[in-house]
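Colleague: Hi! Could you walk me through this one? I'm still new to reading structures.

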Amino acid sequence: MKIEFLYSEDCPSHAPALERLRDLLEQEDLQADLRIVRVETDEQAQSLCFPGSPTIRVDGQDIDPEGTTANPVGLSCRVYRTSDGRFTPLPPEDLVLQALRRAAGRQTSD
Amino acid sequence: MALKIGADAPAFELKNVDGNTVSLESLKDGASALAIVFSCNHCPYVLAWEDRLIQIARDYAGEGVRFALINANDPVKYPADSFPQMQSRAQLKSYPFPYLHDETQEVARAYGAERTPEVFLFDASGKLVYHGAPDDNYDNPLNVKKYYLREALDAVLAGGTPPVAETPPVGCTIKWK
């Protein structure tokens with residue numbers, strides 16, 4: 001499993017998001033090739049189609065594909081929605097978990 | 001650098017989403033406390049805290065506390081933060097406070113604001129008594145342990161000083177021109 005974790009320094013949720021990702025990998029007993037990418041310029045954001053910080057891609061697939069259309073490409077902080085409709089800058093645990101399980105070929109609840 | 005605790009609120013006159021101009025003096029006049037919150041439309045931290053700030057403003061309105069939100073973001077880089085979009089957001093969420101446009105960004109610079117949301121709470125005499133985040137958990141209101149702004153308001157209204165006067169503002173950076 002290959003995971004890309006893209007972030008920009010300006011958005012403080014990247015540290016807890018990375019911690020959440022690592023915790024879930026451990027919880028699910030999954031091994032992953034984790035690549036952490038710091039996005040620093042608008043040009044870099046464009047070339048990476050970066051829809052805001054933090055962004056997590058598992059085997060090339062965004063953990064929230066629908067969310068990428070709601071977030072313009074650029075050096076913004078990314079908006080996520082929780083399952084109960086709240087806004088948050090932190091990738092919700094269920095989205096991360098579903099993406100990991102999907103990539104691992106495990107059953108997901110979605 | 002942000003205002004120091006005890007500093008006076010820098011004066012301003014800014015356009016509100018209703019088209020009228022709002023001044024610091026008009027906000028301070030007769031208020032028991034005044035919360036100036038640098039905010040915007042697009043930032044997930046603002047969105048995460050938005051309903052909580054609205055509720056705080058409503059809860060304390062009867063005690064003479066006033067709120068004003070100020071958006072200083074560059075709308076060219078961030079069209080979601082343009083004045084028409086501010087008007088839409090204020091209407092959609094029925095903001096119970098003015099939502100002001102700092103088009104020149106001079107007010108944000110005068111306050112030393114860096115993030116959205118970033119709270120500056122002034123007492124009745126116009127002195128800064130709290131600066132920072134609304135509370136200690138942007139992600140989930142159910143997991144808040146420290147209600148910084150509410151505790152500061154309670155202290156000011158009781159004639160005292162906030163138990164915590166400063167916290168690091170947490171949010172998106174203000175988008176400078």
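Modeller: Sure, let's go through the chains, then a pair of helices, then where the chains touch. Keep in mind that this is a predicted model.

Colleague: Okay, what does the model score overall?

Modeller: The ipTM is 0.91 and the pTM is 0.95. For chain B there is also a mean pLDDT of 97, with 100% of its residues at 70 or more.

Colleague: Now chain A. How many helices and strands does chain A have?

Modeller: Chain A has four helices and six strands. Starting at the N terminus, you meet them in the order β-α-β-α-β-β-α-β-β-α.

Colleague: And how compact is chain A?

Modeller: Chain A is as compact as a globular protein of its length, because its radius of gyration is 13 Å, close to the 13 Å that the globule rule gives for 110 residues. Its C-alpha trace spans about 35 × 30 × 20 Å along the principal axes.

Colleague: What about chain B, how many helices and strands are there?

Modeller: Chain B contains five helices and nine strands. Along the sequence the pattern is β-β-α-β-α-β-α-β-α-β-β-β-α-β.

Colleague: What radius of gyration does chain B have, and what would a compact globule have?

Modeller: Chain B has 15 Å, which agrees with the value near 16 Å for a compact globule of 177 residues. The C-alpha trace of chain B spans about 45 × 35 × 30 Å along its principal axes.

Colleague: Let's switch to helices. At what angle do α1 and α4 of chain A cross?

Modeller: Helix α1 of chain A (residues 14–27) and helix α4 of chain A (residues 93–103) cross at roughly 45 degrees, and their axes come within 10 Å. That is why α1(A) and α4(A) are described as oblique to each other.

Colleague: Is that crossing left-handed or right-handed?

Modeller: The crossing of α1(A) past α4(A) is right-handed.

Colleague: Which residues make the contact?

Modeller: From α1(A) they are A:R20, A:L21, A:L24 and A:L25, and from α4(A) they are A:E93, A:V96, A:L97 and A:L100. By class, the residues of this contact are six nonpolar, no polar and two charged.

Colleague: Last topic: how many residues of each chain are in contact with the other?

Modeller: On the chain A side there are 13 residues, and they are in contact with 11 residues of chain B.

Colleague: What classes are on the chain A side?

Modeller: The side of chain A that touches chain B has eight nonpolar, two polar and three charged residues.

Conventions:
Residues are numbered from 1 along each chain as its sequence is written. Chains are lettered from A and ligands numbered from 1 in the order in which they are written. This is a predicted model: local features need pLDDT of at least 70, side-chain atom pairs count only at pLDDT 80 or more; totals for chains, interfaces and linings use all residues. Axes are lines fitted to C-alpha atoms, for helices over the stretch in contact, and angles run from 0 to 180 degrees between N-to-C directions. Helices (H or I, at least four residues) and strands (E, at least two) are DSSP runs, numbered from the N terminus. Angles under 35 degrees count as roughly parallel, over 145 as roughly antiparallel, 65 to 115 as roughly perpendicular and the rest as oblique. A crossing is left-handed if the near helix is turned anticlockwise from the far one by less than a right angle, and right-handed if clockwise. Two residues are in contact if their C-beta atoms, placed from the backbone, lie within 7 Å. Ala, Val, Leu, Ile, Met, Phe, Trp, Tyr, Cys and Pro count as nonpolar, Asp, Glu, Lys and Arg as charged, and the others, Gly among them, as polar. pLDDT is the predictor's confidence in each residue, from 0 to 100. The radius of gyration is taken over C-alpha atoms; the globule rule is 2.2 Å times the number of residues to the power 0.38.
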